[in-house]
Amino acid sequence: MAGRALAPWVRTRLRTAPGAAAALAVLVLMTAWLAAAFPRGVETYENDGLRHAVASAAPARTALQFSAGAPGLSATAPDRAAMVSPAELRQHFDAVVRTVPAPLTIDRAQSAYGLRTGQSLESDEPFLPRPSGIPARFTVAAQAGLATHARLVSGRLPGGRADQESAGAEVAVTEDTARALRLTPGAVLHVAGVGRGPLALTVTGIVRPLEPGGGYWSVQPVLRTPQLESVPSAAPEPPKYWHGALLLAPNAAPALLATGGKPEMYAQLAPESAPLNARGLGDLKDAVASLQAGPALNDARTVFSSSTAVFTELDKVLIAYGSARDAVRPVVAVAGFGTATVAAVVLLMAGGLAATRRAAELTLLRARGGSLPQIAGRLCAESAVVVVPAAGAGLVLALLAVPDGRFGPALAAAAGVAVLGCVALPLRATPAHRTVRSAAERADLVREKASARRTVAELTLLVLAAGAVFALRRRGTAGGSVDLLLSAAPVLIGVMAALVLIRLHPLPLRWAARPAGRLRGVLGFLALARAGRAPGGGALPLLALLTALSTAAFGGSVLAGTADARDRAALYATGADARVDGVVLPKDLAAEVAGVPGVRSVAAVHIEYAVELPGGAKAAVAGVDPQAYARLTAGTALDVDAARLKAPSAKPGTAVLPALASPSLARLLGPNPVALRVGGKDVTVRVSADHAWSAAVPGTAYLLVDAAGLAAKDPTALLVGGSSLDAKALRATAEHGGATVRLRSQAREAFTDSPLQKGAGRVYGVAVAAGAGFAVLALLLSLLRGAPERSALLARLRTMGLTRRQGRALLVLESLPAAFLAAAGGALTGWASIALLAPGIDLAGLALATTSGLAPVGAELRADPVSLVLPAVCVLLLAAGVAAAQAWWSGRRGSITELRAGDAR
């Protein structure tokens, strides 16, 4: 075993078994591809989720809004005017942008700055609309960059200069403002001045925003769209007035210094979402905190104004995203750990298959003086020639398939696969050759006794699994960080179950073989006897199958649980398959909707919002037809017993109406009758039952009563049932009646619109599918390990008169006990894992993209029967199919070919 012979020996061994080398290369390539793609996929959807969270939030929430009072209160008028000139304001803007700490970056294109009135100014022009007789008010802003963010519709952009003594200035308005406030080019608006006469603001042009939803226009939405605001009042309908915006020419900003609008300098910095990454979420939070009350705020006050104040809700957006990510991470880690475990076992099984094929060769090398380190080194070098290039190719495929994400974690994952692939054959081969032997010893599992080391290892795994389950049940997965022990808990449970079954399964085989031996045929006894005397290497295949099946069952149940949570949340959001809403719906609209193709049932609802309750609380009161409502909600989570709502036969307003209430209102009102004023009528209700959710009034405190007890009321909503309704026809019918339509399917899509949820679900699905694929490989490898010996046995038995049909039956029956053990054990282990770990698993973050009160509903982990049974059945069918295929192939080769190898088998 000299060193010079190493390279020729490796090359010779690879040339001897090119098929095995190619199969190992493909296995390593696929494993390295999946292993390297997993961390990049996780990082990609986390980054996309963060960018989506920031980009989709309202600009008014994410913008960094700097504001300060007008400068130079004690300076002369010319000096104050110079302080708010366009050039000076631009310098302030550039300086404050430089104070924003990394990793925050600013999107200058959607940022804005200028001078504006901190308090709206009243304009008492006769042509302005007055909804309640109150004059309109205006925010006047000299915001830089109007020409680049708007398109001129009519007139011209404002220009010219104005100062504190100017009689007037030019302004522009948006299309929405001009339409709502009846403004046209040439209109003059007068606002009160301070220490001078009114300032005349002349509308010179009407503009259309180029990006209405961008930060330039939406940080202060009133610049784009006027608002109908209410005057604080205790009246049921407080008086209202219009609040619009006038866009002043930048050179006319000094004119605002002589008005009563409390002018202020401002800078609105829109953060760029593209450079953000979830890995730096902590640094992002620190940067925002520094701007709110920290060193960055002090820097801003130095360069902008000593009175600078900063407002932003970007920190809340980041916290909400972080909570959703922390809820998703542990659940995805469970799938990653499960699939990684099965993949590692499959690589070890591949090494075991090669070790079994070369047992005689290694025995001979050991007998001729080869040491274990020498043999292990040669086997490792032989494997490395195949494994390292294959792992590198898998890494390249992962980089191409998932272009985003860091390179380091992917490289580490692929390197781990390469290392395991290189050492798998030495690890499986050298323990069997610790002592020098002349022939392989028999290792029947029934007679094999467990060593003390194996017992200690199994007890250690038992303690780890028990600790993981206890910690997960107590703490849950919603804590934030990924705990390796918690994420590996389902795998540890599967490992323990596999070890227990490996110890126990010879007993039932031995018991079953005794009565089978008394039967006339030999197939049953022979199959059970051979299955009970399977070689000790059968432990690893069973371990792989059990771990894969339990992980697949757990993953399938997670995916089924997320789908169920989304369905339930969508149902709670709409109340039915479709919902038609309006102020007051035509009485014949219900009949028209019932005629829409696909509509199964329709329930009319009359809703009175803000009904005052005893104690001053308010709630919604909904009147329904009990029978129609019960038919619509039958079989759903919103099911209602019509008898609980049926009003007594009496004149409306005289009888006590039974009511179904939300839990909070049920506690507030109690069991006694309560008098209410509903829609101008006095009614008396008594809570007969409580229900957390209502189809009639989703997501709010409610009382549900019989509409007959509310006297004749036109419906304000229609609940529509039908799984295959024609949405287009329904919308057309509803719009004809002046109503809007919301579909349950649309509500469900709203819960999955985040890249975080979509990406996590996609990665989880791929992990489950990969685990199933590795389970199939584990089964095939376990059957291939004994294939030569079974083929030789079948040939010998055929020379004794065994028919081909009996040969196929023998191989199928021999494979079924181990396959049934793995299938049943995997299903039971998956069910036990889900039952034990369900209290600590939170699926809300994975299932729902929103953080509303609907999120926790239906997000519990439950065992999915299909996920438990289907993989187990597939294992049985695959095992039987492979055995039958082997019997057919052996029959084609003939007994002479199989027996020619003689003692090698």
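In this predicted model, the charged end of R116 is placed over the ring of Y266, at 4.2 Å from the centre of that ring.

Aromatic rings also meet one another, and a search of the whole structure finds two such pairs. In one of them, F93 and Y113, the ring centres are 4.8 Å apart and the planes stand at 20°, an angle under the 30 degrees that bounds the stacked class, so the pair is stacked. This pair links distant parts of the chain, since F93 belongs to helix α5 (residues 86–98) and Y113 to strand β2 (residues 106–117), with their positions 20 residues apart in sequence. F93 has a relative accessible area of 3% and is therefore buried, and Y113, at 13% relative accessibility, counts as buried as well. The other pair is formed by Y216 and W217, whose ring centres lie 5.3 Å apart and whose planes are at 75°, over the 60 degrees required, so this pair is edge-to-face. Both Y216 and W217 are buried.

| Aromatic pair | Distance of centres | Angle of planes | Class |
|---|---|---|---|
| F93 and Y113 | 4.8 Å | 20° | stacked |
| Y216 and W217 | 5.3 Å | 75° | edge-to-face |

The loop between α5 and β2, the two elements that carry F93 and Y113, contains T99. At 11% relative accessibility, T99 falls under the 20% limit and so counts as buried. When residues up to four places away in sequence are not counted, T99 touches L291, A296, D299, A300 and V303.

The second largest pocket has a volume of about 1300 Å³. Its lining is made up of 47 residues, and those that lie nearest the centre of the pocket are A35, A37, F38, P39 and V42. Four helices, α2 (18–56), α11 (314–357), α14 (407–429) and α26 (755–785), each supply at least two residues of this lining, and the largest share, 15 residues, comes from α2. By residue type, the lining of the second largest pocket divides into 30 nonpolar, eight polar and nine charged residues.

Two residues can be followed in helices that contribute to this lining, namely α11 and α14. A320 lies in helix α11, and with a relative accessible area of 33%, between the limits of 20% and 50%, A320 is therefore partly exposed. Although A320 and L50 are separated by 270 residues in sequence, their C-alpha atoms are 9.9 Å apart in space.

L420 is found in helix α14 and has a relative accessible area of 22%, so it too is classed as partly exposed. The C-alpha atoms of L420 and V387 are 9.3 Å apart in space, while the two residues are 33 residues apart in sequence. Once its neighbours within four places in sequence are left aside, L420 is in contact with A344, L347 and L348.

For the chain as a whole, the secondary structure comes to 31 helices and 21 strands. The chain has 905 residues, of which buried residues make up 49%. Among contacts in the chain with a separation of 6 or more, 81% are accounted for by residues 24 or more positions apart.

Methods:
Residues numbered from 1 in each chain as written. Predicted model: local features only at pLDDT ≥ 70, side-chain atom pairs only at ≥ 80, totals over all residues. Heavy atoms only, no water. Phe/Tyr/Trp six-rings, centres within 6.5 Å; stacked < 30°, edge-to-face > 60°. Buried < 20%, exposed > 50% of the residue type's maximum accessible area, 1.4 Å probe, protein only. Lys NZ or Arg CZ within 6 Å of the ring centre and 35° of its normal. 1 Å grid on protein atoms, 1.4 Å probe; cavity = no way out; pocket = protein on both sides within 12 Å on 5 of 7 lines; lining within 4 Å. Points joined across faces, edges and corners; volume = space filled by probe spheres on them. Nonpolar A, V, L, I, M, F, W, Y, C, P; charged D, E, K, R; others polar. Contact = heavy atoms within 4.5 Å.
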